[in-house]
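I'm opening a fresh notebook page for a structure I haven't looked at before. Here are my entries, in the order I looked things up.

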Amino acid sequence: MPNFQTVRGMRDILGEEAQTFTYIMSKARETAELYGYKEVITPVVEPIELLSAKSGEEIRQRMFIFKDLGERTVALRPEFTASIARLATSALKNEPKPLRLFSVGSVYRYDEPQRGRYREFWQSNFELIGSNKPEADAEIILLTNSLMKTVGLHGYAFKIGHIGVIRGILSKENVDDKTQNAILQHMDKKEYEGAFKLAPTDKCRNKLEGLLQLKRNDCFETVENIKSYVADYEKAKVAAENLSDVLKLIVESGCPVQVVEPAFARGLEYYTGMIFEVYIPELDIALGGGGRYDRLIEMFGGESTPAVGAAHGIDRVALALQMQKTTLACKSGKRVLVLSVNDSLKGEALKIAQQLRISGIIVEFEIMGRKMAKALEDADKRKADFAVIVGERELKERAVVLRNLAKRQQHIVSIKELAEKINS
Ligand code: HAM
């Protein structure tokens, strides 16, 4: 007999975990609605050229790539941003700006599987297209804050940086784009020695190394340090000022503790400005992250369009909720088993079941043909609140027997009042 297993890095999501996933997705969708983001659904499979352009070496090497039967080289999406940038240059090209777009779904990366790291995982993704203002950057962080809060997480913190500071230094030190990208990849992984080794001159190396000394507990102090540290680097200075503007907006609007990391870089290559990640103290992997990417849309053949966005790892948010032992604030209706005492009443029983569902009651119908006692015992095990027993005698009076399974008490209740009695 074959013993089928899931592919390495992919998993079945069952029971409570599946419930947590749908809960987080519904909270992400609610957040999208509250911030005015419209949902878009894009394909899981995209042309390799789209996905590999500007995503960066890190992601390019970890994509699931294959040829379809038409000999096209395609890949499973490793993220949403490229697909959304494509939309911004095609179907949504003429839409008035800003565009606020939300997506949720599975993404695929050939990462080394471990806790919180899978090859198939889920993201909720927000993109804000058409503004280069700090309030757009702030909005993306604030909606991430709203999402973390509304799912029930506590103690989370934002790590913020600005890729323009590092790139500003590197450009002035005449480091070519390819080397810049390689340096940033190392810095993303905190492999600072590897990063600094690639600096072409001692001056450049020292300048990069010095970034690590600028961090203070107070985030505004850190930004001031960065500003004076890069005073001779025009682009880096502008970047630091922009970071300061974004930070002020976030703090003034009440977002929790910020850590500004001067040497912070992210794996994706398309970032041009503010970058951030969100963490809880119990986990050392990011629950979400994002940043500004002002040149991607233009690279895809669109007009020059500034943009900023973020994605949240649903698997990791679920893990975080579990670690913080958060009880989900799910709206859950009463659970009921509906059964009839004999076959001839099944139609009537089904009709009553439908009416209860319309009133928001969760109804399981007895479909195993079991004897009454067995069915009731099973309903109790499945944590149903009530059983609705449809019998001939009561039905003549347009009534049924309503049994409270926990209390083991039952009453005759008219069908008209049944939903109200169950919900009360
Ligand atoms: P990212 O940082 O690559 O950004 O991924 C966002 C989040 O996805 C991470 O913070 C993490 O929670 C989750 N994640 C990443 N890799 C894995 C994995 N192997 N297993 C489980 N969860 C994972 C992006 O994807 C960008 N597209 C975000 C963005 C949107 N930037 C601008 N717009």
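**Domains.** I started with the distance between the domain centres: 51 Å separate domain 1 from domain 2, taken over C-alpha atoms. The domain assignment puts domain 1 at residues 15–323 and domain 2 at residues 335–423. Note to self: this is a predicted model.

**A long reach.** Next I picked Lys-133, which sits in the loop between strand 6 (120–129) and helix 5. I looked up its distance to Glu-377, 244 residues away along the chain, and got 62 Å between the C-alpha atoms. Is Lys-133 buried or exposed? Neither, as it turns out: Lys-133 is partly exposed, because its relative accessible area is 44% and partly exposed covers what lies between under 20% and over 50%.

**Asp-137.** I moved on to helix 5 (residues 134–151), where Asp-137 lies. I found a relative accessibility of 0% for Asp-137, so I put it down as buried. Which residues does Asp-137 touch, not counting those up to four places away in sequence? I wrote down Val-246, Met-274, Arg-292 and Val-308.

**Helix 1 against helix 13.** Then I checked how helix 1 (residues 15–34) packs with helix 13 (residues 314–323). The angle is about 110°, and the axes are 9 Å apart. Angles of 65 to 115 degrees count as roughly perpendicular, so helix 1 is roughly perpendicular to helix 13. From helix 1, the contact uses Thr-20, Phe-21, Tyr-23, Ile-24 and Met-25. From helix 13, I listed Ile-314, Asp-315, Val-317, Ala-318 and Leu-321. I also noted the handedness: helix 1 passes helix 13 in a right-handed crossing.

**Ile-24.** I wanted one residue from that contact in more detail, and I chose Ile-24 of helix 1. With a relative accessible area of 2%, Ile-24 is buried. Leaving aside neighbours within four places in sequence, I found Ile-24 in contact with Val-151, Ile-314, Val-317, Ala-318 and Leu-321. How far apart are Ile-24 and Val-317, in sequence and in space? In sequence they are 293 residues apart, yet C-alpha to C-alpha I get 7.8 Å.

**Helix 4.** Why is helix 4 (residues 81–89) largely enclosed by the rest of the structure? Because eight of its nine residues are buried. I wrote the buried ones out: Thr-81, Ala-82, Ser-83, Ile-84, Ala-85, Leu-87, Ala-88 and Thr-89. Then I looked for what covers the buried residues of helix 4. The cover includes strand 2 (45–47) and helix 2 (48–52). It also includes strand 5 (99–108), strand 6 and helix 12 (296–299).

**Cysteines.** My last lookup was for disulfides. How many does the structure hold? Zero. A disulfide needs a pair of cysteine sulfur atoms within 2.5 Å. For Cys-219, the nearest cysteine sulfur is that of Cys-255, 10 Å away, and Cys-219 is in no disulfide. I checked Cys-255 too: its nearest cysteine sulfur is that of Cys-219, and Cys-255 is in no disulfide. Are these cysteines buried or exposed? Cys-219 has a relative accessible area of 10%, so I count it as buried. Cys-255 comes out at 8% relative accessibility, so Cys-255 goes down as buried as well.

Technical notes
Residues are numbered from 1 along each chain as its sequence is written. This is a predicted model: local features need pLDDT of at least 70, side-chain atom pairs count only at pLDDT 80 or more; totals for chains, interfaces and linings use all residues. Side-chain values use heavy atoms; hydrogens and water are left out. Domain bounds come from an automatic or database domain assignment. Buried means under 20% relative accessible area, exposed over 50%, partly exposed in between (1.4 Å probe, protein chains only). Axes are lines fitted to C-alpha atoms, for helices over the stretch in contact, and angles run from 0 to 180 degrees between N-to-C directions. Helices (H or I, at least four residues) and strands (E, at least two) are DSSP runs, numbered from the N terminus. Angles under 35 degrees count as roughly parallel, over 145 as roughly antiparallel, 65 to 115 as roughly perpendicular and the rest as oblique. A crossing is left-handed if the near helix is turned anticlockwise from the far one by less than a right angle, and right-handed if clockwise. Contact means heavy atoms within 4.5 Å.
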